[in-house]
Amino acid sequence: MSVPEHNAARVKADGLPCNDVGPWTEEKHRLVAYYAAQFSGAMKEKFQRRVYIELYAGAGYSRIRDTGRIIPGSPINALNLKQPFDRYIFCEADAEKREALQVRVQRHAPTADVKFVPGDCDANVAAIAGAIPRHSRTNKVLSLCFVDPNDIGIKFATLRALGEKRKVDFVVLLALYMDALRAEQQYIRNPSKISQLLDAESWQDRWRDAKQKGIDFPHFLAEEFAASMKGIGYIPPPFYSMRKIFYYPKNYPLYALGLFSRHPLAYKLWDDALKYTDDQLNLF
């Protein structure tokens, strides 16, 4: 198996805002960085423009709350690829974090083609889409979009607006355990958030049927989300192919990280990324 084609950025506190994260974030970033490197390298000769997008870009640096250690965020990792993307689009709602990200992007990759979209990604999806170069026969464009929210509150309409008429692959973090499972009864009583995630109003009936068959809420939501992605042309990945992100001191799952693509090659690269990062995790 090839080694990851990215340079790990070394960062230290610079007085600017940071994302406050748990120790599991490093595993998530390692997997996304490895996959982005494989994706960018494999698609370099097939597409004239490769675009990397983050809908919840953050501040660029993260502080691990248990130790205070500063680590590079996923935007900085993506900018440090040995074969970088041709354009980067970073959306961030928090003005202070966005300004910190801009400073750090300039520090780490001053010549990169980077577009910053201020505000909430759902409200500004047209601006994000508008920053993606137009695809044509002579200017083929492929995008990789990392969707990394704090909770289960992804709006499927946003992903559809980006991916339905463009060549966009998505790596999506689903807060199936730390949010959806913990607040299951709340979401049953107030289903709108899950309805927006799944682009479906009738999911509760299907959930009752699934529950009777012994399927738990995270598994149900993952399969329903994959089915919604299938509805706009994506190959639906099985639940087992999603990487569970754990809080290891208590061996408790928090998230599931999944790939959604229209091309089988992407899933081969994803399997390679899962195997590589499994090997890396076992080293520790």
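**Group meeting: a walk through the predicted model**

Let me start at a small spot: helix α9 is followed by Gly 214, whose phi is positive, near 90°. When I say helix or strand, I mean DSSP runs, H or I of at least four residues for helices and E of at least two for strands, numbered from the N terminus.

Some housekeeping. This is a predicted model, so local features need pLDDT of at least 70 and side-chain atom pairs count only at pLDDT 80 or more, while totals for chains, interfaces and linings use all residues. Residues are numbered from 1 along each chain as its sequence is written, and side-chain values use heavy atoms, with hydrogens and water left out.

Okay, the whole protein. We have 11 helices and 10 strands. The radius of gyration is 18 Å, close to the 19 Å that the globule rule gives for 284 residues, so the protein is as compact as a globular protein of that length. That radius is taken over C-alpha atoms, and the rule is 2.2 Å times the number of residues to the power 0.38. Along its principal axes, the C-alpha trace spans about 55 × 50 × 40 Å.

How much of it is buried? Of the 284 residues, 53% count as buried. Buried here means under 20% relative accessible area, exposed means over 50%, and partly exposed is in between, with a 1.4 Å probe and protein chains only. As for contacts, meaning heavy atoms within 4.5 Å, take those between residues at least 6 apart in sequence: 76% of them join residues at least 24 apart.

Now the helices. Back to α9: Trp 203, Trp 207 and Ala 210 are buried there. Seen down the axis, those buried residues fall within an arc of 65°, so they line one face of the helix. The arc is that of the directions from the helix axis to the C-beta atoms. As a reminder, an α-helix has 3.6 residues a turn, so residues three or four places apart point the same way. And what does that face of α9 pack against? The buried residues pack against α7 (184-189), α8 and α10.

Next, α5, residues 156-163. Its buried residues are Phe 156, Thr 158, Leu 159, Leu 162 and Gly 163. They cover an arc of only 160° around the axis, which puts them on the same side of α5. Their cover includes α4 (125-131), β7 (141-147), β8 (168-174), α8 (192-198) and α10 (217-230).

You'll notice α8 turned up for both helices, so let me pick a residue from there. Ile 194 is in helix α8, and at 0% relative accessibility it counts as buried. Leaving aside neighbours within four places in sequence, Ile 194 is in contact with Ile 152, Tyr 187, Trp 203 and Leu 221. Trp 203, remember, is one of the buried residues of α9.

Just past that, Asp 199 is in the loop between α8 and α9. Asp 199 has a positive phi of about 55° although it is not a glycine, and it is partly exposed, with a relative accessible area of 42%. There's another like that: Asn 251 has phi near 50°, a positive value in a residue other than glycine. Asn 251 is in the loop between β9 and β10 (252-260) and counts as exposed at 53% relative accessibility.

Staying in that part of the chain, Lys 244 is in strand β9. Is Lys 244 buried or exposed? In between: it is partly exposed, with a relative accessible area of 32%. Lys 244 and Tyr 255 are 11 residues apart along the chain, and their C-alpha atoms are separated by 5.7 Å. Beyond four places in sequence, the contacts of Lys 244 are Glu 27, Tyr 177, Phe 239, Pro 253, Tyr 255 and Ala 256.

In the loop between α10 and β9 (243-247) we find Ser 241. Ser 241 is buried at 12% relative accessible area, and outside its neighbours within four places it is in contact with Trp 270 and Leu 274.

Last one: Ala 100, in helix α3, residues 95-108. Ala 100 is buried, with a relative accessible area of 1%. Not counting residues up to four places away, Ala 100 touches Leu 16, Pro 17 and Ala 59. From Ala 100 to Gly 58 is 42 residues in sequence and 8.7 Å in space, C-alpha to C-alpha.

That's my tour, thanks.
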